[in-house]
Amino acid sequence: MVNIVYILYLIGFFIPGTSALGIILAYINRNDSREPYTSHFQFQISIFLTGLIYSVAGLLLYLFSIAITAISGGIGAVFFVFPLLLMLWWAGWTIYSIIRGLRALGRNEPIY
């Protein structure tokens with residue numbers, strides 16, 4: 001089940017909603033599992049929640065950029081780079097975390 005959640009998170013970059021299914025499965029299975037799987041489910045939940053925070057921050061920055069661009073008559077369009085960079089950082093961090101989790105799972109080790 002741990003592998004399935006990691007795979008659902010990766011598929012979530014291309015198909016919306018699969019990450020939500022992944023966190024539901026992680027929540028359902030975390031109390032019924034034993035180590036090292038419990039730590040992986042906790043890690044997967046933290047990946048999702050951190051990604052949610054980054055997504056909200058990126059959306060707020062994007063809306064701020066739109067407002068600045070409208071107020072400045074288009075000159076503020078340079079601010080669109082900030083939400084783009086934040087979302088690229090989030091995507092890279094998420095993929096790195098998933099790979100880190102899969103490697104630890106492959107070695108049958110817990111992850112922290």
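**Helix packing, pocket lining and backbone exceptions**

Q44 lies in helix α3. In this predicted model, Q44 is buried, its relative accessible area being 0%. When residues up to four places away in sequence are not counted, Q44 touches V2, V5, Y6, Y9 and A26. The contact with V5 also appears from the other side, since V5, leaving aside its neighbours within four places in sequence, is in contact with G22, L25, A26, F41 and Q44.

Three of the residues touched by Q44, namely V5, Y6 and Y9, are also those with the most contacts inside the largest nonpolar core, a set of 16 residues. At least two residues of this core are supplied by each of α1 (2-11), α2 (18-30), α3 and α4, and the largest share, five residues, comes from α1. As a general background to this arrangement, nonpolar side chains tend to be buried together in soluble globular proteins.

Y9 belongs not only to this core but also to the lining of the largest pocket, which is made up of Y9, G12, F13, S19, I47, F48, G51, L52, S55, W90 and T94. The elements that give two or more residues to this lining are α3 (37-72) and α4 (81-106), and α3 gives the most, with five residues. The volume of the largest pocket is about 210 Å³. In composition, the lining divides into six nonpolar and five polar residues, with no charged residue.

Two of the lining residues, G51 and W90, are 39 residues apart in sequence, whereas their C-alpha atoms are 6.7 Å apart in space. W90 has its place in helix α4 and, with neighbours within four places in sequence left aside, is in contact with F13, G51 and Y54. Of these contacts, F13 and G51 are themselves listed among the residues that line the largest pocket. A further lining residue, I47, is in contact with S97, for which the other contact outside the four-place window is F43. S97 is found in helix α4 and is buried, with a relative accessible area of 1%.

Aromatic rings provide a second view of the packing, and six aromatic pairs are held in the structure. One of them is formed by Y54 and W93, with 6.4 Å from centre to centre and 45 degrees between the planes, a geometry that is classed as tilted. Because Y54 lies in helix α3 and W93 in helix α4, this pair ties together parts that are 39 residues apart in sequence. Both partners are partly exposed, Y54 with a relative accessible area of 22% and W93 at 25% relative accessibility; the values stand above the limit of 20% under which a residue is called buried.

One aromatic cluster is formed by F64, F79 and F82. Within this cluster, F79 lies in the loop between α3 and α4 and counts as partly exposed, at 31% relative accessibility. Not counting residues up to four places away in sequence, F79 touches S65 and I68. The C-alpha atoms of F79 and T69 are 7.9 Å apart in space, while the two residues are ten residues apart in sequence.

Two features of the backbone call for separate mention. Most residues other than glycine have a negative phi, and most peptide bonds are trans. Against this background, E35 and P36 are joined by a cis peptide bond, with omega at about 5 degrees, and P36 is found in the loop between α2 and α3. The second feature concerns N108, which has a positive phi of about 55 degrees although it is not a glycine. N108 is found in the segment after α4 and is partly exposed, with a relative accessible area of 47%.

Key:
Residues are numbered from 1 along each chain as its sequence is written. This is a predicted model: local features need pLDDT of at least 70, side-chain atom pairs count only at pLDDT 80 or more; totals for chains, interfaces and linings use all residues. Side-chain values use heavy atoms; hydrogens and water are left out. On a 1 Å grid over the protein atoms alone, a cavity is a set of points where a 1.4 Å probe fits but cannot get out, and a pocket is an open set with protein on both sides within 12 Å along at least five of seven lines; lining residues have an atom within 4 Å of a point. Grid points are joined across faces, edges and corners, and a volume is the space filled by probe spheres set on the points. Helices (H or I, at least four residues) and strands (E, at least two) are DSSP runs, numbered from the N terminus. Ala, Val, Leu, Ile, Met, Phe, Trp, Tyr, Cys and Pro count as nonpolar, Asp, Glu, Lys and Arg as charged, and the others, Gly among them, as polar. Rings of Phe, Tyr and Trp (its six-membered ring) pair if their centres lie within 6.5 Å; planes under 30 degrees apart count as stacked, over 60 as edge-to-face and the rest as tilted. Buried means under 20% relative accessible area, exposed over 50%, partly exposed in between (1.4 Å probe, protein chains only). A nonpolar core is a set of buried Ala, Val, Leu, Ile, Met, Phe, Trp, Tyr and Cys residues joined through side-chain atoms within 4.5 Å. Contact means heavy atoms within 4.5 Å.
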